[in-house]
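The questions below ask how the terms used for a model follow from the values computed on it. Each answer sets a value against its definition.

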Amino acid sequence: MSSLVLAIETSCDETSVAVVADGTRMLSNVVSSQIEIHAPFGGVVPEVASRAHLETLEPVLSQAMSEANIEPADLTAVAATNGPGLIGALLVGVTAAKTLALAWDKPYVGVNHLEGHLFAAFLERPDLQVPMITMLVSGGHTSIVHVKERGRYEVVGSTIDDAAGEAFDKVARYLGLGYPGGPVIDRMAQAFEGEPIHFPRGMMDGSLDFSFSGMKTSVINYVRKHPETPNDALAAGFQEAVVDVLVTKCMQAVETYGVASACLGGGVAANSALRQKFAAECAARGVDALVPARQFCTDNAAMIAAAGHWRFEADGPTALDSGATPNLRL
Ligand code: KG4
Ligand code: ZN
């Protein structure tokens, strides 16, 4: 029996609708980014995000359905991200999904955004073996997850202060590089040919937890002492330090839990240095590494549809009187 799930993702600043068959086969995945709307403010403005989702959702939905070439009657379920995220933004997607579910007489499934990031892996590699270690690195979260089986997870490490993407964004803002900071720092570091500034690596104490706030402060302190330092040497040094910590801890988790596969997820997984070092370190250990395509690293509804498929099979429909939870955990 095959399944067809339509999912809506509006947890932050991407309005996305996707249709996925059997939890792995993507029929459409339309993503409308609000980055340009928020850039002048140097970060996501929650109220602006909610309004933009309201305006964009209808055309994104129509496009996703026509690209997938499906009718509402073909669907098995309608899913939406119900947390974590910005409450106003989440409610746009959740309310739309519940309304469609009622109108189309289909079950509604609420999906944890973080579980979505974990399921992005199976869109590209349905055969990927669990147990595995997945490192989720985005603007809102940074954690190492031991995926014991599909649907059963243990968060074995997480940040005690800033998320990795947040640190990229804050350092970029401090250096006057614009928003979002990750892609700019990535490009500058790639083009840089000199010796990167060495910054201390935070929390290299054998634990699987992260601290990025101190690394951001070391950049600020360094600039205060050496104001003439070129931005690209700082960007390259900061990125090298973050990537070093991320990959070292991820490999430590791979070894501790003895898994044969590992995966990256979240917006920071688009970082070229992280992708390279992660793949190389996995290869050196004979670990099957999945570095997802960039479209599956950043927020998208296809991963929500994939997770929604498994959630619906495991737990059935979500009650229509359930809402959204901004601080929902894995
Ligand atoms: O997962 P995402 O799209 O949104 C959430 O936070 O959920 O991640 C966005 C974050 C931003 O902080 C952005 O600066 C960072 O991902 N990012 C990057 C790169 N592309 C996006 N960080 C480092 N290198 C990149 N190439
Ligand atoms: Zn995300």
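Q: Which pocket does ligand 1 take up, and what makes that space a pocket?
A: Ligand 1 takes the space of the largest pocket. On a 1 Å grid over the protein atoms alone, a pocket is an open set of points with protein on both sides within 12 Å along at least five of seven lines, whereas a cavity is a set where a 1.4 Å probe fits but cannot get out. A molecule sits in a pocket if more than half of its atoms lie within 2 Å of the grid points. This is a predicted model, in which local features need pLDDT of at least 70 and side-chain atom pairs pLDDT 80 or more, while totals for chains, interfaces and linings use all residues. Residues are numbered from 1 along each chain as written, chains are lettered from A and ligands numbered from 1 in written order, and side-chain values use heavy atoms, without hydrogens and water.

Q: What is the volume of the largest pocket, and which residues are closest to its centre?
A: The volume is about 1,100 Å³, taken as the space filled by probe spheres set on grid points that are joined across faces, edges and corners. The lining has 41 residues, and those closest to the centre are Ser 138, Gly 139, Asp 169, Tyr 179 and Gly 267; a lining residue has an atom within 4 Å of a point.

Q: Which helix gives the most to this lining?
A: Helix 5 does, with six residues. Helix 4 (113–124), helix 6 and helix 10 (294–297) also give two or more. These count as helices because each is a DSSP run of H or I with at least four residues; strands are runs of E with at least two.

Q: How do you know which residues surround ligand 1?
A: A residue is near a molecule if one of its heavy atoms lies within 4 Å of it. There are 19 around ligand 1, with Gly 139, Asp 169, Asp 186, Gly 267 and Asn 271 the closest. Helix 6 gives the largest share of this shell, four residues.

Q: Why is the pair between ligand 1 and the side chain of Asn 271 called a polar contact?
A: A nitrogen atom of ligand 1 is 3.0 Å from an N or O atom in that side chain, and a polar contact is a pair of N or O atoms within 3.5 Å, so the pair qualifies. An oxygen atom of ligand 1 is 3.0 Å from a polar backbone atom of Gly 182, and an oxygen is 3.3 Å from an N or O atom in the side chain of Asp 299.

Q: What makes the peptide bond between Gly 83 and Pro 84 notable?
A: The bond is cis, with omega about -10 degrees. Pro 84 lies in the loop between strand 4 (77–83) and helix 3 (87–104). The bond from Val 130 to Pro 131 is also cis, with omega near 5 degrees.

Methods: Polar contact = N/O pair within 3.5 Å; in protein donor to acceptor, adjacent residues only side chain to side chain.
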